[in-house]
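The following account leads the reader through one molecular structure, region by region. It is best read with the sequence and the three-dimensional view side by side.

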Amino acid sequence: MKLTVLAGGVGGARFTHGLYRLWPQDLSVVVNTGDDFQLHGLSICPDLDTVLYTLADWADPVQGWGLRGDTSVCSTQLARLGGETWFRLGDLDLATHLFRTQRLSQGASLTQVTAELAQSAGLSLALLPMCDSPVPTKLRLASGWVDFQDYFVRRQHADAVLECRYQGAAQTPPAAGVVQALRQAERILLAPSNPFLSLQPIFSLQGFAQLWQECRVRKLAISPMIGEAAVKGPLASLLASLGHPVNSLGIAHCLRDWVDTLVIDEGDRALQPAIEALGLKVVCTPTLMQDVAGRERLARLALDV
Ligand code: GDP
Ligand code: CA
């Protein structure tokens, strides 16, 4: 069965890792690039790198992003020189950004560079950026519009988000590999990723809604909410400030037009009737991926439903 997954960073990477261990051959993962930005002249793609490092078993097990055993010699020296240090790049991690920036400057597409990185990491799946040109996510806070990394890293996602914009998405088609992966998919899965910051940027691409409609296969999402909390990150705060219930029913509001089935945590079974009333099928199961076995278990369920 050909599988295509849509994913952001940490939640996307954990779930995709489980799928990859069970299904390493016919797997494509379409990754959000709305968080991508330039720093020190380098092209940085945080979600692609989180998925790459996790699948390659290179990820830092505590943070869930960055590389295991990485050091910060370069950042320390950069601070001495008075350089920008609000976004810390590890020494090993820098190599990825150097490689990517160099290949892009030679005219390679982001799709091509990402495939080269995946191949160097020994991965057999198709690791696909959602598109080949920048579609930066912008967020409106009480103080005005800011860049994604300004909100997420510099301000530590402490502000309420009042509106999200995916700049240029309506004029940017999905990358060719993404179109192919969706057309060929026999099942489409949405990782438990942030709907506003990781999935909506993908959905907002030019022609994406129609492409999605033409894929007449099972479409299943895993909710990133467990009870009234996100496992990680600002999702609960975003649901609240954007006017949705702060639980998996809020996720159902966001995804109802995109999937037929929503997997929610078994502790949230009481939400099942309200989610079904939106026209979605509901599957209840433990959705916390505490370890690799937990990732595989959730992946198995997504394949078996
Ligand atoms: P980001 O780009 O690093 O923010 O990552 P994603 O958008 O892919 O994923 C963020 C979401 O992953 C958060 O809202 C978390 O609630 C969710 N998440 C992380 N780990 C787990 C887990 O073990 N189970 C579930 N259900 N969600 C998770
Ligand atoms: Ca992200």
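Which residue caps the N-terminal end of α8? In this predicted model, the cap is N194, with a side-chain oxygen that lies 2.9 Å from the backbone nitrogen of F196. The helix that follows, α8, spans residues 195–203 and is mostly covered, since eight of its nine residues are buried. The buried residues are P195, F196, L197, S198, L199, P201, I202 and F203. Each of them therefore has a relative accessible area under 20%, the limit for counting as buried. As a general point, an α-helix has 3.6 residues a turn, so residues three or four places apart point the same way.

One residue of this helix leads on to the bound molecule. S198 is among the buried residues of α8, and S198 is also one of the residues that come nearest to ligand 1. The shell around ligand 1 holds 20 residues, and the nearest are S193, S198, P224, T287 and M289.

Which helix gives the largest share of that shell? Helix α1, residues 10–22, does so, with four residues. By residue class, the shell around ligand 1 comprises eight nonpolar, nine polar and three charged residues.

The polar contacts of the ligand can be followed atom by atom. A polar backbone atom of P192 is 2.9 Å from an oxygen atom of ligand 1. An oxygen atom of ligand 1 also lies 2.7 Å from a polar backbone atom of P224, a residue already listed among those that come nearest. T287, likewise in that list, has a polar backbone atom 2.7 Å from a nitrogen atom of the ligand. How much of ligand 1 does the protein cover? On its own, ligand 1 has 590 Å² of accessible area, and the protein covers 93% of that area.

Helix α1 appears again in the second largest pocket, where it provides the largest share of the lining, four residues. This pocket has a volume of about 290 Å³. Its lining consists of 19 residues, of which T54, A59, D60, P61 and R295 are the closest to the centre. At least two lining residues come from each of α1, α2 (46–55) and α13 (292–304). In composition, the lining of the second largest pocket has nine nonpolar, four polar and six charged residues.

The backbone deserves attention at two positions. Most residues other than glycine have a negative phi. D57, which is not a glycine, has a positive phi of about 65°. D57 is located in the loop between α2 and α3 (73–80). Is D57 buried or partly exposed? Its relative accessibility is 42%, and D57 therefore counts as partly exposed.

The second position is H157, a residue other than glycine whose phi is also positive, near 40°. The loop that holds H157 runs between α6 (148–154) and β8 (163–166). H157 counts as partly exposed because its relative accessibility is 28%.

A final loop residue is G122, found between α5 (110–120) and β5 (126–129). Because its relative accessibility is 58%, G122 counts as exposed. How far apart are G122 and C254 in sequence and in space? They are separated by 132 residues in sequence and by 35 Å in space, C-alpha to C-alpha.

Technical notes:
Residues numbered from 1 in each chain as written. Chains lettered and ligands numbered in written order. Predicted model: local features only at pLDDT ≥ 70, side-chain atom pairs only at ≥ 80, totals over all residues. Heavy atoms only, no water. Near = heavy atom within 4 Å. Polar contact = N/O pair within 3.5 Å; in protein donor to acceptor, adjacent residues only side chain to side chain. Areas by Shrake-Rupley, 256 points an atom, 1.4 Å probe, with all protein chains shown as cover. Nonpolar A, V, L, I, M, F, W, Y, C, P; charged D, E, K, R; others polar. 1 Å grid on protein atoms, 1.4 Å probe; cavity = no way out; pocket = protein on both sides within 12 Å on 5 of 7 lines; lining within 4 Å. Points joined across faces, edges and corners; volume = space filled by probe spheres on them. Buried < 20%, exposed > 50% of the residue type's maximum accessible area, 1.4 Å probe, protein only.
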